[in-house]
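Let's walk through this one together, starting with where to be careful and ending with a couple of odd backbone angles. Have the viewer open as you read.

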Amino acid sequence: MTLAAAAATAAHALAVPASAAHPTLTTAAAETHGFLSPTGVEVAFLLVGLVTFGAALVTVTTRQLVHAALWLVVTLGGLAVEYLLLTAEFIAWVQVLIYVGSVVVLLLFGLMLTKAPIGRSPDADSGNRWAALTVAVAAAAALVWVVVDAFRATWIDLDGPAAGTTAVTGASLFQNWVLPFEALSVLLLAALVGAIVLSRKAKAESSSPPVNSRTITESSPSVPDSRNHTIGGNGPVEGTGPAKQEGAR
Amino acid sequence: MHLAYPAVLAALLFCTGVYGVLARRNAILVLMSVELMLNAVNLNLVAFDVWLSRTARDTLHSGQALTLFTIAIAAAEIGIGLAIVLAVYRNRGTSDIDRLRDTAEGHEPDGPESEGAETDGRDSHDPDSDARTAGPADRAGKAEATA
């Protein structure tokens, strides 16, 4: 992860003088740009893109669940750097704040609340991974072919004033997109209330018949119990189950 | 910058997310793969917005506004999704999505089971419905835990 971060910073440092020297260069090379003479921004985008794609591949293939979440941080951070290279700086910082800051932390909390024995889990992939691999490779081939064929002669002009500064984004957001913005705040409030309602313990069950209420009140707060017999069904991790349970109590 | 670079990267990231959604077993890893797919769409939106703002003199910046909305909706989705996963884990003791097949068709002709609601009927059916899908060793564990 430190290697990937170093690569990202190196690529970004490589991009800064290239974009600074860009306006004098592009006027001369505007007609002659092609795949064989990539600009500095393109080289930086390619390097950061390779890091991002590799981290995404490790995220979906690793068997250590916490490592998957940490490689997801690398992927999302690499995408933030890509947004910066595309001159969309506000989106980049929102990406860093929300995805790297809160979503990954939520995912780590979820992993630690549900999958308490941290470590290698040999059953991370289901049985249909070869079918999934076939579908994913076929979709990737089709999409890449179509996209390359469609945008073969299309260039993004990154010169001049940046297209995604905070001023530009804020002006367009609060001039043209005010109503969806407010609707989005209502949606976030609804999601907040819904998450609280879903994760709250059900109080109404205590007034139900005694057999079922005893079942629920014993099974719901004692999460180590249910975790323990789930591990017992999974086989290879069975030996660590009672020790973990002792530690949890 | 050539437009094919962000477009190809977005396509590759999306297909990585598709593989993760199809091949992973833990529900939280599936949510991570969904995040990958959403991020691929965001990269496409940003790249095409930057392209259109120069080429077509677009001042609406719909791509960046949609990206912000997608990020906010993804945050809401991950909150609700994790709350659902934790509720399922509290009720069933597992978060493997291929063990949660109460609504699967074609295996048992008995009546429909209410899914998700914490009613007493569903809870009393719980060891039976899990024992159908899991092995007999798991059946014993479930019976002990719910007794």
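**Confidence first, then the fold**

Start at the tail: over residues 208–249 of chain A, pLDDT stays under 50, and the model has 52 contacts beyond four places in sequence for that stretch. This is a predicted model, so keep that value in mind when you look there. The other end gets a similar flag, with pLDDT under 50 over residues 1–30 of chain A and 32 contacts beyond four places in sequence. Across the whole of chain A, the mean pLDDT is 75, and 65% of the residues reach 70 or more.

Now for the fold. Chain A has eleven helices and zero strands, so in DSSP terms you are following helical runs from the N terminus. Of the 249 residues in chain A, 29% are buried. Take the contacts in chain A with a separation of 6 or more: 66% of them join residues 24 or more positions apart.

What does UniProt say about these helices? Its unreviewed entry lists residues 44–61, 68–86, 92–118, 130–148 and 177–198 of chain A as "transmembrane region". Two of those spans can be checked against the coordinates. Residues 130–148 of chain A are 100% helix and 0% strand, with 27 Å between the end C-alpha atoms. For residues 177–198 of chain A, the span is 95% helix and 0% strand, and the end C-alpha atoms lie 31 Å apart.

Next, turn to the partner chain. The contact takes 93 residues from chain A and 77 residues from chain B. Several helices of chain A each supply at least two residues to the side that touches chain B, among them helix 3 (40–61), helix 4 (65–85), helix 5 (89–114) and helix 6 (129–150). Helix 5 of chain A gives the largest share of that side, twelve residues. By class, the side of chain A that touches chain B has 53 nonpolar, 29 polar and eleven charged residues.

Finally, those backbone angles. Most residues other than glycine have a negative phi. A:Thr87 has a positive one, near 60°, and sits in the loop between helix 4 and helix 5 of chain A. Is A:Thr87 buried or exposed? A:Thr87 counts as buried because 24 C-beta neighbours lie inside 10 Å, and the cut-off for buried is 20 or more.

Chain B has a case of its own: phi of B:His61 is near 55°, again positive in a residue other than glycine. B:His61 lies in the loop between helix 2 (27–55) and helix 3 (62–92) of chain B. With 24 other C-beta atoms within 10 Å, B:His61 is buried.

Key: Residues are numbered from 1 along each chain as its sequence is written. Chains are lettered from A and ligands numbered from 1 in the order in which they are written. This is a predicted model: local features need pLDDT of at least 70, side-chain atom pairs count only at pLDDT 80 or more; totals for chains, interfaces and linings use all residues. Helices (H or I, at least four residues) and strands (E, at least two) are DSSP runs, numbered from the N terminus. A residue is buried if 20 or more other C-beta atoms lie within 10 Å of its own, exposed if 12 or fewer, and partly exposed in between; C-beta atoms are placed from the backbone. Two residues are in contact if their C-beta atoms, placed from the backbone, lie within 7 Å. pLDDT is the predictor's confidence in each residue, from 0 to 100. Ala, Val, Leu, Ile, Met, Phe, Trp, Tyr, Cys and Pro count as nonpolar, Asp, Glu, Lys and Arg as charged, and the others, Gly among them, as polar. UniProt positions are given in the numbering used here, feature names are shortened, and annotations may be inferred rather than shown by experiment.
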